[in-house]
Each structure stands twice: as C-alpha cells, then as structure tokens.
Amino acid sequence: MDYKALAERLLPGDYPALESYEKLYPPRDLPAGAEVTRLAPSPTGFIHLGNLFAAIANERIAHRSGGILYLRIEDTDLKRKVEGAVEAVIKALDYFDIRFDEGAEIGTDETYGPWYQRQRATMYRAFVKHLIEEGRAYPCFCTEAELTALREEQTARKEVTGYYGKYAKCRDLSEEEIYKNLDAGKPFVIRLRSMGDPAVKHTFRDAIKGDITVPENDQDVVILKSDGIPTYHFAHAIDDHFMRTTLVIRGEEWLASLPIHIELFGALGFALPRYGHNCSLMKQEGETRRKLSKRKDPELSLEFYRKEGYFPRAVKVYILTLLNSNFEEWYRKNPDLPLEEFKFTAAKMSKSGTLFDLDKLNDISKDELSRLDAEGMLSFLADWAKEFGTEEERGYFADREKMLRVLTLCMGIGGKKRRKDFTTASQAMKFIRYFFARPETYEEFRALPYDRASVMEHFLESYCSADDSQTWFEKLKQVAERNGYAAEMKDYKANPEKYKGSVADVAEILRIATTGKANTPDLWTIMQILGETEVRERIATLMWKFSQEWYSEIEPSAEEMARELYRESLGLPPKGENK
RNA sequence: GGCCUUGUGGUCAAGCGGUUAAGACGGCGCCCUCUCACGGCGCAAUCCCGGGUUCGAUUCCCGGCAAGGUCACCA
C-alpha cells in the first residue's frame with residue numbers, strides 16, 4: 001500500500017518537517033538533576049483536594065530541584081471547557097503558594113508553548129501524518145454503534161474488550177476499501193497500529209511505586225479523533241516530549257494506560273519521561289472507600305476550604321504530611337524553617353490510597369493558626385470576612401484596636417501557652433462574637449443553680465473595672481463565700497459536701513451572664529475589653545429577665561418591681577427621680 | 001471478568017530477617033486549672049489469611065483473600 005499517498009489523502013497539505021520541532025523546542029538548559037514537571041488539567045475549572053495533592057507534589061519536586069513547573073491546558077475535549085476556568089485554577093493554586101514558571105496565562109516564557117492543546121493541532125497532525133506514512137497508523141471508519149456492538153460481543157464472550165488484533169476491523173482494510181470509504185465521505189479516526197503483545201511484560205521503574213510490571217500494549221488506540229484533534233494519549237506524548245518534561249507525576253488512574261504511552265513514545269522515536277503515579281485520595285463511604293470524585297464530592301472542592309476559612313498553610317502542611325511520610329517529623333523538629341527547605345522526594349510518597357482525615361487537618365489548623373500573631377490573625381480574618389463573612393462580622397473590624405485586644409486574648413498571646421480554640425476563620429468569627437454583640441440566648445443559664453441572681457447581685461455590688469485581675473478574683477471569692485460556695489478549690493475538693501459548689505461555679509454564672517457561653521478565655525480580661533458599663537448592662541439585663549420570670553410566676557403584676565431592680569443594679573436612680 | 005496496584009492499631013504511618021512493632025490524629029482516663037482551650041502523664045487498640053524458606057518471619061518466596069484503579073473518538 002502506498003502509505004505516503006494515503007497520508008496525503010487523510011491529512012492533505014504541507015506540514016513542517018518533524019526535525020523543525022526538535023529545533024523549535026530544544027532540550028532545556030537546566031542544571032543537572034533539575035526536574036521539569038507540569039500540571040495538565042482539563043479546563044473544567046474544578047480543582048479538588050486530589051488535584052492539590054498532585055499540584056503540591058509537582059511543585060515541590062520541580063522547585064526543590066531547581067527545575068520548572070508549567071501549566072498546560074488539556075482542552076482536547078470541547079465538552080469540558082468552562083469559561084474562566086484557567087484563571088480559576090491559577091487563583092486557587094496561588095492561594096496555596098503554588099506558582100508556575102511557565103504556562104497558560106502565566107505570561108512569562110513562551111518558548112515551549114502554546115500551552116493550550118487546541119493551539120497545537122498542526123504539530124500533532126504533522127506527527128500523525130508521519131505515522132501514517134510509516135504504516136504505524138491507519139484510518140478507522142467504524143461507527144460508534146459498531147464499536148459498542150463489538151464491546152458487547154467481547155464482554156459476552158468474556159474476552160478483553162477493545163480494538164485490537166482480529167477485532168481491529170479497519171486495521172487491514174485494503175487500499176481500495178479505504179479510498180471507497182473516503183470517497184463516500186465517511187468520517188474516520190486515526191488509530192495506532194499496535195505492535196505489542198500483552199503476554200510480554202516489562203519491568204518499569206515508577207518514581208513513586210518502585211518496580212512495576214507492565215504488559216505491552218496491543219490496543220489500536222485512537223490517536224486522532226474525527227474532529228482532527230488528538231486524544232489525550234497522543235497529545236501527552238507529543239507535549240511532554242517537546243515541553244521537555246522530565247518527570248510526569250500523575251494520578252494512579254493513569255497507570256492502566258501506561259502501556260499505551262510507552263508504545264506511543266516508542267513509535268514517535270521519543271525517549272520516555274520518568275513517571276510517578278501517586279495514590280488517589282479516598283473517601284469513606286459506608287463500608288467501602290472510593291476515590292474522590294469531582295461529581296460526587298463537592299465538599300472536597302478547594303472552594304469548600306476557602307469558604308470555611310481554613311488557613312491555607314494548614315491545608316498545605318496537612319497535604320505535605322500525607323504526601324511525604326517523613327515530613328511530619330521534620331516539621332516537628334523544624335517548626336520555624338520555611339516549608340521549602342524540606343527535602344521532598346517522590347520516593348517517599350505513599351503507595352497506597354489515603355483516606356482523607358478531617359480530624360488531622362483540624363488539628364494542624366489549630367496549630368498553624370495558634371502560631372500567628374494578633375496582626376496576622378486579624379488580617380487573615382479580615383480577608384476571609386470580606387469575602388465570606390456576614391455584614392455583622394465585617395463590622396467587627398471597624399474597631400481595629402479592640403479587635404487586636406480580642407485576638408490577643410483569644411489566642412492566648414502573652415500567656416504561657418497559646419490557646420487553640422478554633423480551626424477556621426468562620427469558627428473564629430463565631431467564637432469572638434460575644435465581644436461585639438450581646439448573646440441572644442441564655443439556654444445554658446437556665447440550667448444554673450437557683451441562687452444565680454444573688455451571685456450576680458453581689459458581684460455587681462463589688463465590681464470595679466479598675467481592679468486588677470488579682471483583686472477582681474479576690475472579690476469573686478468573697479461573692480462565693482457569701483453564697484455558700486468554696487472560695488478555694490482545694491477546700492471544695494477536700495470537702496465537697498460542705499459547699500454548694502466552688503468559685504468555679506460562681507465564675508460560670510458570671511461567665512454565661514456576660515458572654516452567653518460556658519467556656520471562654522479569661523473572664524477578667526473579657527470584662528476589661530467589654531468595659532464596665534457593658535458588663536453591668538449585660539448582667540443586669542439577665543437579672544431582670546429572670547427576675548421577671550420569677551415574679552410573674554408568683555406575682556404576675558410584679559414586672560414593675562423587676563424593672564426597678566434592674567435600674568438599681570445598673571446604678572441608675574429609681575424611676576421618677578430621673579432628671 | 002482481564003490487566004495493574006496496594007494490604008502494619010479507627011485514621012496517617014515508621015520499621016523491611018531477631019524490636020517491649022516508633023510517632024502523629026482520634027478515643028478513654030488522670031493531672032494542671034475560675035470554665036474552656038493549651039500543656040503534661042498514662043491507657044486501650046495493629047503486622048489480611050494459609051503454606052513454605054529459615055534457628056527465627058511483620059519483613060523473603062508461593063498461593064489465596066480483600067480493597068482500589070482501569071478497560072471511550074473523557075482527560
């Protein structure tokens with residue numbers, strides 16, 4: 001058969017000489033050991049945690065070795081295209097400090113571009129044409145229906161499915177038949193004429209998994225689709241060769257098509273890059289676990305973490321601990337070194353699927369957040385609130401000084417130990433709410449001892465915001481004693497039956513009265529930040545509220561009395577004497 | 001079903017011929033303490049199964065089993 005004529009008929013016109021591409025994309029001038037890695041997403045714009053895994057691994061390996069990380073867009077499938085996706089990907093990754101050296105929309109070095117596969121169509125076709133000329137590729141006129149039927153037949157006969165060997169109908173079409181189909185205007189794809197034998201296996205070294213055995217490929221895979229655009233497999237071979245990728249880190253799901261890629265690189269006369277197939281991130285679902293899927297797991301999109309207000313560095317640290325098993329220990333020993341100094345290696349990457357562990361992430365988040373200073377925390381929270389916070393929350397930042405004091409307290413800055421109360425920005429904002437808004441519910445309060453009113457009253461009698469924390473606490477102890485609570489914890493613990501409770505219980509009443517919460521950082525400091533008026537009002541409001549309930553039970557008309565009590569506790573003159 | 005990969009506590013995992021089988025998260029308990037958080041101490045919990053090889057296997061070999069991936073003109 002005249003392959004040359006066939007190639008001309010299939011892909012008419014002049015294409016650049018293949019050697020010209022070698023010149024156009026020369027080997028990169030990089031120091032020894034430098035790795036060129038890439039991220040090659042399809043333009044759906046959807047990035048999830050799994051993608052971030054691969055992204056961080058690629059980024060670390062490239063930059064750790066003094067190499068290059070680039071972004072290529074695999075847009076060979078039009079159906080996957082989403083507007084603004086590339087920008088979204090870049091932005092999402094930037095949030096985690098992943099910066100590209102080259103690539104789509106990066107605008108730095110264009111030597112190895114274009115970075116959109118659709119813009120590389122001519123080059124792909126030039127190589128396809130060459131393969132046809134050599135007899136290594138052929139046109140296939142099978143329809144979708146025929147292929148489906150073939151697959152069903154193979155399945156029924158329990159044979160390996162696919163287009164190979166005797167099932168590759170168009171593989172040995174005569175010249176006459178081919179031209180007849182062509183003349184009839186039948187659409188066609190170009191398939192690789194595979195020369196492999198799956199019974200033959202080769203040992204192959206994977207950068208992550210180590211030695212693996214792979215069978216030879218015998219599938220006559222489609223390399224050029226009927227729209228003239230290559231399939232992933234073919235574009236991968238061309239692009240990673242000419243973009244001079246040295247190490248392809250990609251998901252484990254690609255392992256199965258490695259035989260195809262090996263044959264393709266061979267047919268094209270390209271040296272194979274090194275591969276590292278990383279395990280996928282799994283999700284527990286009932287009894288079983290499965291790979292995270294874009295479709296089913298929207299909660300694992302990166303957007304979810306941004307919305308919740310996870311600290312980006314925390315997410316990164318967590319992923320690094322999963323990615324390289326020795327990272328955690330290193331980080332523990334070198335908490336203050338830049339993450340970049342860790343010697344990340346592909347060999348240390350896990351071989352088996354990893355279950356995503358939110359508890360662990362949360363633990364790391366608390367740690368990372370607690371290492372911030374008040375300014376750092378403020379700007380992190382402010383940025384988050386600007387995008388995701390409520391209007392009320394954004395309002396907290398109006399009083400910058402107060403916010404700084406609040407954060408200093410809530411983070412335990414200046415104390416012996418840092419506090420770790422919250423995991424995310426959204427949690428933090430809820431946590432500090434009582435500094436800016438009065439509590440709406442006092443449900444916790446209702447469960448408190450019945451003499452709470454007396455405790456509050458006694459407290460307000462002696463309370464003075466000028467007191468230092470020592471004095472304040474001494475006074476609190478006095479209130480405790482007056483109400484039959486132990487002033488000293490030791491006393492209470494020694495003879496619990498002698499008391500109604502301890503200072504702790506007294507403090508709890510006041511804590512809930514001022515903050516609406518049973519658990520908070522140091523109460524004295526909270527009162528300092530709130531100011532005397534606000535503290536008195538909050539406690540008095542509560543006293544009124546409950547005395548009102550109390551009186552209405554025994555004496556429904558007693559609301560006026562309660563109101564008086566309220567004014568009195570605020571230090572206001574009785575009604576009527578007001579000027 | 002074929003092919004490939006992987007099997008150490010609930011999770012992430014060190015270890016890779018002889019160990020009391022690290023550590024971290026989570027759980028539980030205690031201590032510290034005005035609550036919580038932090039911190040400290042402690043406890044429970046693991047080598048998928050069966051054969052070999054070996055003086056000795058979690059570690060090596062074989063066979064099962066289980067889990068995951070993949071079998072498109074999607075990437």
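Two strands are said to pair if DSSP finds at least two bridges between them. With that in mind, good morning, and let us turn to the structure, which is a predicted model. Strand 9, residues 247-251, and strand 10, residues 274-278, offer an example of such pairing: they run in the parallel sense and are joined over five bridges. Two of the residue pairs may be named. L247 has R274 of strand 10 as its bridge partner, and R250 is matched with H277 in strand 10.

Are these two strands covered or open? Four of the five residues of strand 10 are buried, and that strand is mostly covered. Strand 9 is likewise largely enclosed by the rest of the structure, because four of its five residues are buried.

Before going further, a word on confidence. Chain A has a mean pLDDT of 89, and 91% of its residues reach 70 or more. For the complex, the predictor gives an ipTM of 0.93 and a pTM of 0.88. Where pLDDT is low, the predicted coordinates should not be read in detail.

I now come to a sheet with antiparallel pairing. Strands of a sheet pair through backbone hydrogen bonds, either parallel or antiparallel. This sheet is open and has three strands, in the order 4-5-8, with antiparallel pairing. Its edge strands are strand 4, at 137-140, and strand 8, at 222-224, each of which pairs on one side only. On average, and with direction ignored, neighbouring strands here are turned by 45° against each other. Strand 5, residues 189-192, pairs with strand 8 over two bridges in the antiparallel sense. Within strand 8, the residue that stands opposite I190 is L224.

Which helix lies across this sheet? Helix 5, residues 121-133, lies across strand 4, strand 5 and strand 8, and runs at about 100° to strand 4.

Next, the domains of the chain. The assignment for chain A gives domain 1 (3-15 + 121-278), domain 2 (285-370), domain 3 (374-435) and domain 4 (443-569). How far apart are the C-alpha centres of domain 1 and domain 2? The separation of these centres is 37 Å. The two domains do touch: six residues of domain 1 are in contact with four residues of domain 2. On the domain 1 side, the touching residues divide into three nonpolar, two polar and one charged.

Finally, I should like to consider two residues of helix 13. K360 has its place in this helix, which covers residues 358-370, and L361 is found in helix 13 as well. Why is L361 classed as buried? A residue counts as buried if 20 or more other C-beta atoms lie within 10 Å of its own, and L361 has 21. K360 has 13 other C-beta atoms within 10 Å, and therefore it is partly exposed.

What lies around these residues? Leaving aside neighbours within four places in sequence, L361 is in contact with A314 and Y318. Y318 can also be related to K360: the two are 42 residues apart in sequence, while their C-alpha atoms are 7.6 Å apart in space. L361 and L530 give a further example, being 169 residues apart along the chain, with 33 Å between their C-alpha atoms.

To close, I return to the opening example: strand 9 and strand 10 pair in the parallel sense, whereas the sheet of strands 4-5-8 has antiparallel pairing. Thank you for your attention.

Notes. Residues are numbered from 1 along each chain as its sequence is written. Chains are lettered from A and ligands numbered from 1 in the order in which they are written. This is a predicted model: local features need pLDDT of at least 70, side-chain atom pairs count only at pLDDT 80 or more; totals for chains, interfaces and linings use all residues. pLDDT is the predictor's confidence in each residue, from 0 to 100. A residue is buried if 20 or more other C-beta atoms lie within 10 Å of its own, exposed if 12 or fewer, and partly exposed in between; C-beta atoms are placed from the backbone. Axes are lines fitted to C-alpha atoms, for helices over the stretch in contact, and angles run from 0 to 180 degrees between N-to-C directions. Two residues are in contact if their C-beta atoms, placed from the backbone, lie within 7 Å. Domain bounds come from an automatic or database domain assignment. Ala, Val, Leu, Ile, Met, Phe, Trp, Tyr, Cys and Pro count as nonpolar, Asp, Glu, Lys and Arg as charged, and the others, Gly among them, as polar.
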